[in-house]
Amino acid sequence: MGKDEIKKSLIKLIGDRDVEITVKNDLDAAMAIQNGESDYYIGACETGAGGALAMATALLGSDKTVTVASPSKVLSEEEVADEINNKGKIAFGFTINTKDTVLPILVKYLVK
């Protein structure tokens, strides 16, 4: 959901840093992570978990995935940082209506 919109936002947030953004369907994206072809998975849906993370969770395991925003809760920047830095999360799901809140935080902690 909103893949092109998310890509445009990420390009703007990343600026001139050397990062490749590839839009894929959920299965191909999760497989790219599993095969070491991609570093991170970012997906959006209505719940932030189901459609956004189902394939990533199935292929990578729930220890590598996190819902950063659902209809009832948006993780704080500190919580997102903890999920990335201390818990090793590499796949992130959120509701599309929270992209302007979530993406800047993800970029801050994922793009060095």
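**Entry 1: Glu 83**

I looked up the contacts of Glu 83 and, leaving aside neighbours within four places in sequence, I found Val 66, Leu 75, Gly 88 and Lys 89. The model I am reading is a predicted one. Glu 83 sits in helix H4. I checked whether Glu 83 is buried or exposed. Its relative accessible area is 13%, and because buried means under 20%, Glu 83 is buried.

**Entry 2: confidence**

Before going further I looked up the pLDDT. The mean for the protein is 95, and 100% of the residues reach 70 or more. Among the elements, H4 has the highest mean pLDDT, at 98. The lowest mean belongs to H3, at 93. I keep in mind that predicted coordinates should not be read in detail where pLDDT is low.

**Entry 3: Val 66**

From Glu 83 I went on to Val 66, one of the residues in contact with Glu 83. Val 66 has its place in strand E2. With 10% relative accessibility, Val 66 counts as buried. Which residues does Val 66 contact, leaving aside neighbours within four places in sequence? I listed Leu 53, Leu 75, Glu 83, Lys 89, Ala 91, Phe 92 and Gly 93. I also took one distance: the C-alpha atoms of Val 66 and Lys 87 are separated by 9.9 Å. Along the chain these two are 21 residues apart.

**Entry 4: the sheet**

Next I traced the strands. There is an open sheet of three strands in the order E1-E3-E2, and the pairing is parallel. E1 and E2 are the edge strands, each pairing on one side only. From one strand to the next the twist averages 20 degrees.

I then went through the pairs. E1 (residues 41-45) and E3 (residues 91-95) are parallel and share five bridges. Within this pair, Ile 42 has Phe 92 in E3 as its bridge partner, and Cys 45 stands opposite Thr 95 in E3. On the other side, E2 and E3 are joined by three bridges and also run parallel. Here I noted Thr 67, whose bridge partner in E3 is Gly 93.

**Entry 5: burial of the strands**

How many of the residues of E3 are buried? I counted five of the five, so E3 is largely enclosed by the rest of the structure. I also recorded which way its residues point. Ala 91, Gly 93 and Thr 95 point one way from E3, while Phe 92 and Phe 94 point the other way. All of these are buried. The general pattern is that side chains in a regular strand alternate between the two faces of the sheet. For E1 I found four of the five residues buried, and I wrote the strand down as mostly covered.

**Entry 6: Ser 70**

I followed the chain past E2 to Ser 70. It lies in the loop between strand E2 (65-67) and helix H4 (77-85). Its relative accessible area is 18%, so with the cut-off for buried at under 20%, Ser 70 is buried. Setting aside neighbours within four places in sequence, I found Ser 70 in contact with Thr 47 and Thr 95. Thr 95 had come up already, opposite Cys 45.

**Entry 7: H2 and H3**

I turned to a helix pair. Helix H2 (residues 26-34) and helix H3 (residues 50-60) pack at about 35 degrees, and their axes are 9 Å apart. The crossing is right-handed. On the H2 side the contact is made by Asp 26, Leu 27, Ala 30, Met 31, Ile 33 and Gln 34. On the H3 side I listed Gly 51, Met 55, Ala 56, Leu 59 and Leu 60. I sorted the residues of this contact into eight nonpolar, two polar and one charged.

**Entry 8: Ile 21**

My last stop was Ile 21, in the loop between helix H1 (3-14) and H2. At 22% relative accessibility it counts as partly exposed, because the buried class ends under 20%. Which residues does Ile 21 touch, not counting those up to four places away in sequence? I found Lys 7, Leu 10, Ile 11 and Ile 14. The C-alpha atoms of Ile 21 and Lys 7 are separated by 7.0 Å. The two residues are 14 residues apart along the chain.

Note on methods. Residues are numbered from 1 along each chain as its sequence is written. This is a predicted model: local features need pLDDT of at least 70, side-chain atom pairs count only at pLDDT 80 or more; totals for chains, interfaces and linings use all residues. Side-chain values use heavy atoms; hydrogens and water are left out. Axes are lines fitted to C-alpha atoms, for helices over the stretch in contact, and angles run from 0 to 180 degrees between N-to-C directions. Helices (H or I, at least four residues) and strands (E, at least two) are DSSP runs, numbered from the N terminus. A crossing is left-handed if the near helix is turned anticlockwise from the far one by less than a right angle, and right-handed if clockwise. Contact means heavy atoms within 4.5 Å. Ala, Val, Leu, Ile, Met, Phe, Trp, Tyr, Cys and Pro count as nonpolar, Asp, Glu, Lys and Arg as charged, and the others, Gly among them, as polar. Buried means under 20% relative accessible area, exposed over 50%, partly exposed in between (1.4 Å probe, protein chains only). Two strands pair if DSSP finds at least two bridges between them. pLDDT is the predictor's confidence in each residue, from 0 to 100.
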